[in-house]
Amino acid sequence: MNAPRWRPHGARMAVALAVAAATAAGAVTADAVASAPSTAAASAARHTAAPSCNPKASSIRPSGAPQVTSGSYMATIKARGYLIAGVDQSTYHFGFLNPLNKQIEGFDIDMIHAIAKAIFGDPAKVQFKAISDNDRIRDVQKGSVDVVAHTMTITCARLQQVDFSSVYFDAGQRVLVQQNSTAASLASLRGRKVCATKGSDSLAVIAAAMAIPVSVQYWTDCLVRLQQDEVAAISTDDSILDGLAAQDPFTKLIGPRLTDEPYGLAISKQHPDFVAFVNAVLQQLRTDGRWTASYARWIGNPVPAPPPAQYAS
Amino acid sequence: MSATAALAREAIRGGERRTPDALRGLLVVLVVLSLAWGAVAALTAEQHASAAADVVAVSEPLSLDAEQIYQSLSAAEATAANAFLAGGLDPAAARQRYQADLSAAAMRIEAASAMVGTGAARTEADLTRLSADLPRYAGEVETARADNRLGLPLGAAYLREASELLSGQMLPAASDIYANEEAQLTSASAQATGLPLMVIAILIGLAIGYVLLRTSRWLARHTHRMLNPGLVVALAAVVVSLVWLVSAFVFGRGDLLHAQRYGSGPAQAFARADVAALQAHADESLTLIDNTGDDNYQGDFAHQQQLLGSGTGTLLSAVAVPAVAADAQAWFKAHAALRAQDNGGDHQGAVNSALSGESATRFAALSSALGSGITAHQAVFASSARSGRDAFTGLEIGMIVASLAMVASCVWGLTRRLAEYR
């Protein structure tokens with residue numbers, strides 16, 4: 001009923017999976033992963049296999065404060081009465097369903113509420129659609145959501161398929177293990193099973209480190225596997241791993257940041273006006289203290305400076 | 001004259017010499033035939049009786065158990081998902097139902113394990129898997145509940161895991177047992193109602209009756225006595241036992257066929273529909289928990305709805321009760337409204353409908369209609385199958401006694417005639 005579980009055995013399977021994962025992620029060509037000898041090389045490959053670009057400076061420059069101009073996509077959203085946002089519902093601190101009040105909350109969700117406030121003057125006018133990592137690009141492309149706020153890294157490959165806002169969060173891939181694990185980094189997990197979600201770009205990095213990628217639907221599914229000793233580690237963005245560690249105090253983050261993961265809000269290529277609008281909203285958040293307040297609330301202190309906005313040309 | 005008289009005497013004497021030999025030969029033939037009759041009739045009676053007893057005592061309870069394992073597991077999943085949907089404070093009633101469903105499943109698995117005979121290796125393996133998976137499933141549901149109580153999103157992941165275990169491994173094992181036992185039931189039933197051995201027995205019975213009649217007439221001609229009481233008794237015994245055998249078969253067969261046609265057949269149709277409905281109900285809750293709109297679970301709901309359906313060849317058309325089909329349609333309508341509500345952004349409204357609103361009420365109506373249908377038809381099956389089995393009671397012993405009585409009376413009757421020649 002759910003996504004099939006992959007239980008690969010052996011290195012050949014790992015390579016096969018790496019290829020499959022890379023193809024699914026669309027982040028890298030199969031050859032690049034299969035032959036990549038180290039995580040650094042894989043990381044480099046990830047950014048070179050797609051047409052070269054600067055993921056951090058690829059968005060559309062806003063023209064001043066956010067405004068709902070007539071005939072714009074924002075006007076369409078306003079006429080509909082609510083913003084449709086594709087979000088995560090199982091990633092603690094970024095997008096998760098709080099069982100206590102049954103609301104979806106988190107840092108990503110705060111970004112969405114800010115956009116809704118800029119359109120409607122009411123941050124609550126949002127319909128959240130919980131989607132899995134694997135559906136993010138598809139849902140943006142087919143227009144079933146206006147915007148995706150889903151711990152989504154801006155990559156050159158994804159930029160071919162969707163537009164992104166400016167960077168609103170800086171993350172990097174690390175590794176989460178149980179507290180009694182002796183592994184020091186992803187490199188020491190060679191040949192062991194490491195979990196990530198289907199459609200995440202973390203899978204390719206895991207495969208490149210010669211660990212066996214195990215893919216599941218949600219990040220919490222990875223924590224279930226880790227708690228049941230079905231996988232040796234979980235590897236993805238530290239932002240997500242922090243949220244998993246908060247749910248299980250008997251885990252720890254290990255090793256250095258393996259990659260640079262700038263998060264952006266994904267929007268259809270058909271609505272550049274909306275991309276500029278969202279960038280204007282993000283710019284307000286960076287300067288009026290709301291970004292800092294959200295960071296402090298969800299991720300904690302000390303709060304770094306917000307990632308600076310960079311735009312294409 | 002004297003020569004003629006001498007010839008006649010000679011003829012009589014010769015006849016007299018031949019008559020005892022013929023009598024002895026006849027006696028042997030009659031004894032052998034009587035014993036053969038006893039053996040075949042008793043074997044036939046034993047086979048039919050044991051097949052009928054098998055239907056009542058082993059196959060029926062086992063397939064009943066298998067079906068109820070499936071039902072209670074599906075119900076447990078639906079209830080667990082439903083309780084989870086309510087949030088950290090799951091309703092006490094839902095929790096109690098979940099516990100009841102789970103212990104019902106455990107009890108049935110145990111009962112089925114105790115009953116399953118040798119030679120049912122596949123059923124045994126399925127039961128072992130179920131016994132091993134049940135505590136794992138319960139553990140995952142409890143972990144989900146504990147995490148949910150702490151407000152952790154991890155809870156939903158454990159519930160997904162549990163649901164995957166249940167629908168990926170446990171339900172297939174339960175349905176495998178059910179399929180096996182249904183096949184067993186059908187073959188036991190076919191054996192109990194089958195004709196070949198019975199036809200042979202009846203032919204032998206008729207043959208021996210014919211031989212007895214011919215013997216009586218031959219004796220009447222040669223000994224100038226109208227009736228040989230031994231042969232009369234033997235003839236009576238063969239007639240009585242033949243009538244008994246045939247009528248037991250006719251009544252037993254009728255009852256067993258009735259049990260199948262109006263009992264286990266419809267009960268099976270109801271059970272299949274019930275299982276599909278339970279599965280769809282769990283999907284409804286899981287879709288809301290996953291909150292991913294028209295995802296896998298909703299896809300499965302649509303699949304189950306199609307299976308239940310309303311057209312020909314669907315599960316509900318097999319049930320063939322218009323009221324039940326109407327209940328199902330009402331629930332599908334409520335579910336469609338719930339999905340529209342959820343897709344329109346009113347998630348809480350959809351959750352309320354699933355927990356205690358229109359959808360919950362409609363499903364409860366459908367579920368209870370299907371449940372009482374199963375119970376009613378199982379009662380029909382049980383009583384008819386039992387009376388079918390009872391039709392064969394004492395038949396085997398009766399056949400043996402009849403054949404021994406036939407042997408005894410033939411010996412008694414013919415030795416009295418033989419004695420007259422000494």
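# A sheet, two domains and a chain contact

In chain A, the strands β5-β1-β6-β15-β7, in that order, make up an open sheet of five strands with mixed pairing. Please keep in mind that this is a predicted model. Chain A is assigned two domains, and it also meets chain B through a contact that takes 23 residues from chain A and 25 residues from chain B. Helix α9(A) is a good one to follow, as it gives residues both to the side that touches chain B and to the side of domain 1 that touches domain 2.

**The sheet in chain A**

- The edges of the sheet are β5 and β7 (163–164) of chain A, each of which pairs on one side only.
- Strand β1 (residues 83–87) and strand β6 (residues 147–149) of chain A run parallel and are joined by three bridges.
- Across from Ala85(A) you will find Val147(A), which belongs to β6(A).

**Where chain A meets chain B**

- The contact draws 23 residues from chain A and 25 residues from chain B.
- On the chain A side, β3 (95–98), β5 (126–130) and α9 (219–227) are the elements that give two or more residues.
- With four residues, α9(A) provides the largest share of that side.
- By class, the chain A side holds twelve nonpolar, eight polar and three charged residues.

**Helix α9(A) against helix α4(B)**

- The axis of α9(A) comes within 8 Å of the axis of helix α4 (residues 154–193) of chain B, and the two cross at roughly 70°.
- Angles of 65 to 115 degrees count as roughly perpendicular, so α9(A) and α4(B) are roughly perpendicular to each other.
- From α9(A), the contact is made by Thr220(A), Asp221(A), Leu223(A) and Val224(A).
- From α4(B), the partners are Leu154(B), Ala156(B), Ala157(B), Tyr158(B), Arg160(B) and Glu161(B).
- The residues of this helix contact comprise six nonpolar, one polar and three charged.

**The two domains of chain A**

- The assignment gives domain 1 as 10–35 + 173–254 and domain 2 as 55–169 + 261–298.
- Taken over C-alpha atoms, the centres of domain 1 and domain 2 of chain A are separated by 26 Å.
- Domain 1 brings 20 residues to the contact between them, and domain 2 brings 16 residues.
- On the domain 1 side, α9 and α10 (238–245) of chain A are the elements that give two or more residues.
- The most comes from α10(A), with five residues.
- That side of domain 1 has six nonpolar, ten polar and four charged residues.

Terms used
Residues are numbered from 1 along each chain as its sequence is written. Chains are lettered from A and ligands numbered from 1 in the order in which they are written. This is a predicted model: local features need pLDDT of at least 70, side-chain atom pairs count only at pLDDT 80 or more; totals for chains, interfaces and linings use all residues. Two residues are in contact if their C-beta atoms, placed from the backbone, lie within 7 Å. Ala, Val, Leu, Ile, Met, Phe, Trp, Tyr, Cys and Pro count as nonpolar, Asp, Glu, Lys and Arg as charged, and the others, Gly among them, as polar. Two strands pair if DSSP finds at least two bridges between them. Axes are lines fitted to C-alpha atoms, for helices over the stretch in contact, and angles run from 0 to 180 degrees between N-to-C directions. Angles under 35 degrees count as roughly parallel, over 145 as roughly antiparallel, 65 to 115 as roughly perpendicular and the rest as oblique. Domain bounds come from an automatic or database domain assignment.
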